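Work through the exercises below on how two parts of one chain meet. Each task is followed by its solution.

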Amino acid sequence: MNDLLITNLSEVATPVGSEPLTGADQAKVRRLSGVEVLCRKGEIAGVGSREEIEREAGSLEAAQRLDAKGGTLVPGFVDPHTHLPWAGSREEEFAQRLAGKTYMEIAAEGGGILSTVRATREASEIDLIAGVLDRLDLMLAYGTTTAEAKSGYGLTLDDELKQLDAIRRASEEHPVDLVPTLLAAHETPPEYRHDKERYLDIVCQEIIPATSEAGLARFCDVFCEKGVFSAEESHRVLTAGAQYGLAPRLHADEFVDSGGAELAAELNALSADHLTAVSPAGVEAMAAAGVTAVLLPGTSFFLMKHKYAPAHRLLEAGVPIALATDCNPGSSFTESVPMVFVLAVYELGLSIEEALTAATLNAACCLGLGRSIGSIEVGKHADLVVLAAPNLLHLAYHYGINPVSAVIKRGKVVHQAKSS
Ligand code: NIG
Ligand code: FE
């Protein structure tokens, strides 16, 4: 594989390190001008002036060139919370919400997650893979190079495994890397509506062991929320997952404070996600345990609740913040990290630097990948995004457009915008 030299950059902007950044450090983004970046064997091999790189890495004569045309280089975005393998579509529910119904009311009537469960059970694995690949094409075009992807629309052993296998196969076929999460405890399926305990037995005694044995998931997630799974029930699922090698992360305190943040801290979860209704005690517990807050401002936006997670309280407490799309058909139908980035700045009140760290390094760390991706440093994977912008600030300043002009995955140019 040829070396790739990225030239004509106005700026390289990146967080630094392989550990999650917290507090004031979350804003410590390195911004370099007058530098080029060399990718070799899929890794970043040099960041500096041409002379500096040549001194370290030898002659660059044979290197392939990517002319960034005065753009800005940032790390490939890492999206640590998506629900990618689904079938069907829920625009009718969206219209009902526009007419005044709430997400939880729709769910209580058998719509919501369960309507996607019906469609996903009916879909073949091939259809699910096709849907995931379409979404991955969009994600890549918007700068995502690694994403987490959850099951959770199958809710039977076979249908959860079908979703997880679709994630595996789509990831093998596509430049975007997917990290799989089992979310069998996303909702109680209709056939166990009056016997939730039995469904939890199936999750803990059948679905978790089979998933682990098949090697189809890295993490175990649960929707810990009043009316879905309580903190006690979530504890049971996540503990069972951990016994089978699936590290815990959870949907916590999305609509009401349900003790999810405290549970995440107790179990040393890699992340607690949503947190729109997190309590002050929950924030403190997360800070003490070092749990990352994955914030999903696209979900607050899409649900039109005008209520966002308390990002500043989390930051001030020392909780590392990551950002994700929550890409799913019911509560946040977007593949776009730049859109989420804009919402994080405009609605969560993050600085542009804090948001960059949240969408790259901190997101990578909460997937256990901070040593290999999430920043532009020699030795890390060459997963990079060229923005058609003269500096980092444009990532939030120029909104509602796709700022990405090229995407590099493991040192190869895998996407170029038509105009670039
Ligand atoms: O993260 N909160 C639970 N699960 C998803 C919604 C899934 C759906 O509505 O289909 C979420 O928002
Ligand atoms: Fe979610």
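**Exercise 1: a charged pair**

Task: find the acidic partner of K409 and give the closest N and O separation.

Solution. K409 forms a salt bridge with D177. The closest N and O atoms are 2.9 Å apart. The criterion is a side-chain nitrogen of Lys or Arg within 4 Å of a carboxyl oxygen of Asp or Glu. The model is predicted, so local features need pLDDT of at least 70, side-chain atom pairs count only at pLDDT 80 or more, and totals for chains, interfaces and linings use all residues. Residues are numbered from 1 along each chain as its sequence is written, and side-chain values use heavy atoms, without hydrogens or water.

**Exercise 2: the two domains**

Task: locate the domains and describe how they touch.

Solution. Start with the bounds, taken from an automatic or database domain assignment. Domain 1 covers 4-75 + 375-416, and domain 2 covers 78-365. Their C-alpha centres lie 29 Å apart. Next, count contacts (heavy atoms within 4.5 Å). Here 34 residues of domain 1 meet 29 residues of domain 2.

**Exercise 3: buried area**

Task: state the area buried between domain 1 and domain 2.

Solution. Buried area is the accessible area (1.4 Å probe) that two parts lose on being put together, summed over both. The value is about 2,500 Å². Carbon and sulfur atoms give 69% of this area. Q26, A396 and K409 supply 24% of what domain 1 buries against domain 2, more than any other three residues. Finally, the count of salt bridges between domain 1 and domain 2 is two.

Technical notes:
Chains lettered and ligands numbered in written order.
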